[in-house]
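Q: Please take a close look at one part of this model, the pairing of its strands. Then place that part in the rest of the chain.

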Amino acid sequence: MKKYQQLVQDIVSKICQGTITNKLPSERELSERHDIPRFSVRKALSKLEAIGMVKARVGSGYFVNTSIMESPLIYNSITENKFDEISYKKLKLSKRLPTAHEMEIFSIGENDYLWSIKRLRLVQSKITQLEQARLPVKLFPKITDSNVENSLQKYALSLGLEIDSYLTTYQAVSLASEDAQFLQCKRSAPAMSITNRGFLKSGEVFVVSEILDINYQCTYHTKFNNESLQHRDQDDR
């Protein structure tokens, strides 16, 4: 783990412990205390701001974003980057009829079309992910190349759709030869397979995406669930 990443986790830890409750120490203090260069401190603070953990006040420094503390904190190698650091390259955009499984997922009929999207996601101009996504045409009557090469979430919101939640599954995999070519790495290289189902407040599934990530990292801070622990303990008896 790089030094700035260690500092991010150290600051998140201190905020969660209540050691830091309002204003963060200055860049100079953090640099001296953690024995790292000032540019690494600035990079760490930028990441903390990007994930919403702290807010910058011009001329005053960085302050804890207290509104986020009651919610689970999840940030990964994509969400810790700002939108202007992320770009997309369209590989495919087509319209097709659904499979039987897709009809079940989206609650659509056999004659209801789906958009099929394949694209690369680049972080700071470096290819990081290969994504294949499906969206129902009934919710997205028109999708252009420009939509594919930007945030699909933002596009959904611009149409007035209300996003509620995501169901996400992670699995470690080895890259197939074709996928490795798109991601410009070796065949059988390790990657993280990330499957998402996005739900609207109406309960409808608005997107299913399958992502291959070759540089995946994820950090969670969640509340301890004693009921879940007890339930698992009962199942083991």
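A: The overall frame comes first, then the sheet, then the loops and helices around it.

This is a predicted model, in which local features need pLDDT of at least 70 and side-chain atom pairs count only at pLDDT 80 or more, while totals for chains, interfaces and linings use all residues. Residues are numbered from 1 along each chain as its sequence is written, and side-chain values use heavy atoms, with hydrogens and water left out.

The protein has 237 residues, and 39% of them are buried. Here buried means under 20% relative accessible area, exposed means over 50%, and partly exposed lies in between (1.4 Å probe, protein chains only). Along the principal axes, the C-alpha atoms fill a box of roughly 65 × 50 × 40 Å. The secondary structure amounts to eight helices and ten strands. These are DSSP runs numbered from the N terminus: helices are H or I with at least four residues, strands are E with at least two.

Now the sheet. Six strands make an open sheet in the order β4-β5-β6-β9-β8-β7, with antiparallel pairing. The edges belong to β4 (86-96) and β7; each has a single partner strand, so one side of each has no neighbour in the sheet. From one strand to the next, the twist averages 15 degrees. For such angles, axes are lines fitted to C-alpha atoms (for helices, over the stretch in contact), and values run from 0 to 180 degrees between N-to-C directions. Two strands count as paired if DSSP finds at least two bridges between them.

Start at the β7 edge. Strand β7 covers residues 163-174 and strand β8 covers residues 190-200; eleven bridges join them in the antiparallel sense. Two of the bridge partners can be named. Y166 has G198 in β8 as its partner. T168 is bridged to N196 in β8.

Next comes β9. Strand β9 spans residues 205-213, and β8 pairs with β9 over eight bridges, also in the antiparallel sense. In β9, E210 is the bridge partner of T195. β8 and β9 form a hairpin, with four residues between them. In that turn, G203 has a positive phi of about 100 degrees. In a regular strand, side chains alternate between the two faces of the sheet.

Two loops carry a phi worth checking. Most residues other than glycine have a negative phi. Q124 is not a glycine, yet its phi is positive, about 50 degrees. Q124 sits in the loop between β5 (114-123) and β6 (126-136). Q184 is not a glycine either, and its phi is positive at about 55 degrees. Q184 lies in the loop between α7 (177-183) and β8. Q184 is exposed because its relative accessible area is 65%.

On the β4 side, L97 occupies the loop between β4 and α4 (100-106). L97 is partly exposed, at 39% relative accessible area. L97 and N111 are 14 residues apart in sequence, with 6.3 Å between their C-alpha atoms.

Outside the sheet, look at the N-terminal part. The unreviewed UniProt entry annotates residues 1-67 as "domain: HTH gntR-type". UniProt positions follow the numbering used here, feature names are shortened, and annotations may be inferred rather than shown by experiment. That span is 54% helix and 12% strand, and its end C-alpha atoms lie 28 Å apart.

Helix α1 (residues 3-17) has 15 residues; at 1.5 Å a residue it should span 21 Å, and its end C-alpha atoms are 21 Å apart, which agrees. The expected span is 1.5 Å times one less than the number of residues. The buried residues of α1 are Y4, Q5, L7, V8, I11, V12 and I15. They cover an arc of only 160 degrees around the axis, so they lie on the same side of α1. The arc is taken over the directions from the helix axis to the C-beta atoms. G18 follows α1 and has a positive phi, near 85 degrees.

Helix α3 (residues 38-50) has 13 residues; its expected span is 18 Å, and its end C-alpha atoms are 18 Å apart, which agrees. S40, V41, A44, L45, K47 and L48 are the buried residues of α3. Their arc is only 160 degrees around the axis, which puts them on the same side of α3.

Last, the cysteines. With a disulfide taken as a pair of cysteine sulfur atoms within 2.5 Å, the count is zero. C16 is partly exposed at 30% relative accessibility. C185 is partly exposed at 28%.
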